[in-house]
Amino acid sequence: MHILRYRISGSSRPHVGVVDAGRVSELDVATLASLWSLRLGTLREKLGETGPETLALSDVDILAPIDGRTEVWAGGVTYEISREARVEESERAASAYELVYDADRPELFFKSAAWRVVGEGGTIAVRSDSTLDVPEPEVALVINAFGEIVGYTICDDVSSRSIEGANPLYLPQAKIYLGACALGPMVRPAWEIADPYALGIGLTIYRSGEVAWQGKASTAQLHRRYDELVGYLLHSDVHPDGVVLSTGTCLVPPAPFTLQAGDVVQIDVDEIGRLTTPVVRGLEALTTGG
Ligand code: DO4
Ligand code: MG
């Protein structure tokens, strides 16, 4: 089963529901955020209270699984490959990444407000003032208002390596801009994932219909525990409508590989799904579709 936000063709109203065996059943809630304000046990019961009618998944438009006041946060340098990539790209501040990899306190940063997140089939963007850009395929935790992990989804933490590499203080510019966050396609309830530390992650970047870069990794390589990341995120903060926490990348296409306009990024995570997003370059291309 997956939890999804969707739209029915011909209508602009978003719906919330569950999909099982290819059939979508609606839930009597206005937002996903309202589900994340429930305790895990109550959420489980709520997912059983669907309406009698069902639709084929192919008959709905899947929307990014986030709305309302739910924010996206992200962890950084949680896999060795990410530490190595950052040390390589950052000439003067390499030690910052070495230190955070081994420190008790993880790197956590704000990634996106719900309204600027794109979902399955949505367009992501690289900045026009950046020269080295990558998708970062990450497992994302959906955490409720009580700090419980209630689900898992996929996050693409699209990033400029050239901007972050010039100075780590530029991290917000490297990682927070329109088109830099994709999420989805849906949320897999946490109780359906037997071992979240054994999920295969695949990244395939298509260019002109050919594979331009491909890699595979696993959450078994994660250097931290999910609960540890959640503990630091919520230590001195509240998220009344839950929060999505992306857990860091274990795949970084090596330089000089860079995303280009026209590329298509495909992220596969075992038991969670596939997130596919085309790429454009620059704000104008993103907002005008050209
Ligand atoms: O330290 C910069 C960000 C790292 C990151 O986004 C990752 O490791 O996934
Ligand atoms: Mg990342």
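1. A polar contact is a pair of N or O atoms within 3.5 Å. Glu 136 makes such a contact with ligand 1: a polar atom of its side chain lies 3.0 Å from an oxygen atom of the ligand. Bear in mind that this is a predicted model.

2. Two further contacts to ligand oxygen deserve a look. Ser 82 uses its side chain, with an N or O atom 2.6 Å from an oxygen atom of ligand 1. Val 77 uses its backbone instead, with an N or O atom 2.8 Å from an oxygen atom of the ligand. The protein buries 99% of the 280 Å² that ligand 1 exposes when taken alone.

3. Where does ligand 1 sit? It occupies the largest cavity. Four elements each give two or more residues to the surrounding shell. Two are strands, β6 (71-76) and β7 (107-113). The other two are helices, α3 (80-89) and α6 (171-175).

4. The shell around ligand 1 holds 16 residues. The closest are Val 77, Ser 82, Glu 107, Lys 175 and Thr 249. Val 77 and Ser 82 are thus on the list of closest residues, and each has a polar contact described above.

5. On cysteines, the count of disulfides is zero. Cys 155 is in no disulfide, and its nearest cysteine sulfur belongs to Cys 181, 4.1 Å away. Why is there no bond from Cys 181? The closest cysteine sulfur, in Cys 155, is 4.1 Å from that of Cys 181, which is too far for a bond. The cut-off for a disulfide is 2.5 Å between the sulfur atoms.

6. Are these two cysteines buried or exposed? Cys 155 counts as buried because its relative accessibility is 0%. Cys 181 also counts as buried, at 2%. The threshold for buried is under 20% relative accessible area.

7. Asp 67 belongs to the loop between β5 (60-63) and β6. Strand β6 also contributes to the ligand shell. Asp 67 counts as buried, because its relative accessibility is 10%. What does its side chain reach? The side chain of Asp 67 comes to 2.9 Å from the backbone nitrogen of Ala 33.

8. Ala 261 is also a loop residue, placed between β16 (243-246) and β17 (264-269). Its relative accessible area is 51%, so Ala 261 is exposed; the cut-off is over 50%. Ala 261 and Arg 224 are 37 residues apart in sequence. Their C-alpha atoms are 34 Å apart in space.

Methods. Residues numbered from 1 in each chain as written. Chains lettered and ligands numbered in written order. Predicted model: local features only at pLDDT ≥ 70, side-chain atom pairs only at ≥ 80, totals over all residues. Heavy atoms only, no water. Buried < 20%, exposed > 50% of the residue type's maximum accessible area, 1.4 Å probe, protein only. Near = heavy atom within 4 Å. Polar contact = N/O pair within 3.5 Å; in protein donor to acceptor, adjacent residues only side chain to side chain. Areas by Shrake-Rupley, 256 points an atom, 1.4 Å probe, with all protein chains shown as cover. 1 Å grid on protein atoms, 1.4 Å probe; cavity = no way out; pocket = protein on both sides within 12 Å on 5 of 7 lines; lining within 4 Å. Sits in = over half its atoms within 2 Å of the grid points.
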